[in-house]
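Opening a fresh page for this one. The plan is to look up rings, strands and pockets, and jot down what turns up.

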Amino acid sequence: MSEQSCADQVFMAEAIRLARRAGGLGEVPVGAVVSRDGAILGRGYNRREQTSDPTHHAEIAALRMAAKRLKTWRLDRCTLYATLEPCAMCAGACVNARIGRIVFGCADPKGGYVATLGAIASDRRLNHRCRVVGGVRGAECAELLTGFFRTRRGRGNLHQF
């Protein structure tokens, strides 16, 4: 995994803000941002419950917004920031979008597929590979998730997620 930069801290802060928005809506608090050349091109947060759409992950929403804004599916000079390590679907979408870098906050031991359970984004058998940086503001990102699920368990609503 590559080194972190000051920009990584700034863009991850925006992803964390979006994750908090998701949590406030009762969604699993995950946020994502796509940036290029110091500007944010796409933002997203989990909205699976609200949309009844299993693909409405934060990363997918941010990728869609960035592609629409750039008027191209090729996001090769872009970086995706996600508060939680992307799953197989989102990591695959990053490869298909030709994302240059993926930066994530905390690892996902049950679903992360850029470093933990697998490494789709850097698999040499694929036609594109993304550089991956993990652990940016990781403790803060992890606390968002643990606090969310702690609250859910306290209310007896864990079965919904």
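Is F11 buried or exposed? I looked up its relative accessibility and got 9%, so F11 counts as buried, the cut-off being under 20%. Note to self: this is a predicted model.

**Entry: aromatic pairs**

I ran the ring search next and got a count of 2 aromatic pairs. F11 pairs with Y81: the ring centres are 5.3 Å apart and the planes sit at 35°, so I logged the pair as tilted, since that angle is neither under 30 nor over 60 degrees. This contact links distant parts of the chain, with F11 in helix α1 (residues 6-24) and Y81 in strand β3 (residues 79-84), 70 residues apart. Y81 has a relative accessible area of 2%, so I put it down as buried too.

The other entry is F148 with F149, an edge-to-face pair at 5.1 Å centre to centre and 80° between the planes. F148 comes out buried at 9% relative accessibility, whereas F149, at 24%, counts as partly exposed.

**Entry: strand β3**

Y81 sent me to its strand. How many residues of β3 are buried? I found 6 of the 6, so β3 is largely enclosed by the rest of the structure.

Then I checked who pairs with β3. Strand β1 (residues 31-36) runs antiparallel to β3, and 4 bridges join them. Strand β4 (residues 101-106) pairs with β3 in the parallel sense, over 5 bridges. T79 of β3 is a handy marker for both: S35 stands opposite T79, and in β4 the bridge partner of T79 is R101.

What about the connection from β3 to β4? I traced it through helix α4 (residues 88-97), and β3, α4 and β4 make a right-handed β-α-β unit.

**Entry: the largest pocket**

Last, the empty space. Rolling a probe the size of a water molecule over the atoms shows where space is left. For the largest pocket I got a volume of about 600 Å³.

Which residues lie nearest its centre? I have V28, L84, D108, L145 and F149 on that list, from a lining of 23 residues. So F149 turns up again here, after the edge-to-face pair with F148.

By type, I sorted the lining into 13 nonpolar, 4 polar and 6 charged residues. Helix α5 (residues 138-155) gives the most to the lining, with 5 residues.

Definitions and conventions
Residues are numbered from 1 along each chain as its sequence is written. This is a predicted model: local features need pLDDT of at least 70, side-chain atom pairs count only at pLDDT 80 or more; totals for chains, interfaces and linings use all residues. Side-chain values use heavy atoms; hydrogens and water are left out. On a 1 Å grid over the protein atoms alone, a cavity is a set of points where a 1.4 Å probe fits but cannot get out, and a pocket is an open set with protein on both sides within 12 Å along at least five of seven lines; lining residues have an atom within 4 Å of a point. Grid points are joined across faces, edges and corners, and a volume is the space filled by probe spheres set on the points. Helices (H or I, at least four residues) and strands (E, at least two) are DSSP runs, numbered from the N terminus. Ala, Val, Leu, Ile, Met, Phe, Trp, Tyr, Cys and Pro count as nonpolar, Asp, Glu, Lys and Arg as charged, and the others, Gly among them, as polar. Rings of Phe, Tyr and Trp (its six-membered ring) pair if their centres lie within 6.5 Å; planes under 30 degrees apart count as stacked, over 60 as edge-to-face and the rest as tilted. Buried means under 20% relative accessible area, exposed over 50%, partly exposed in between (1.4 Å probe, protein chains only). Two strands pair if DSSP finds at least two bridges between them. A crossover is right-handed if, with the strands pointing away from the viewer, the path from the first strand over the helix to the second runs clockwise.
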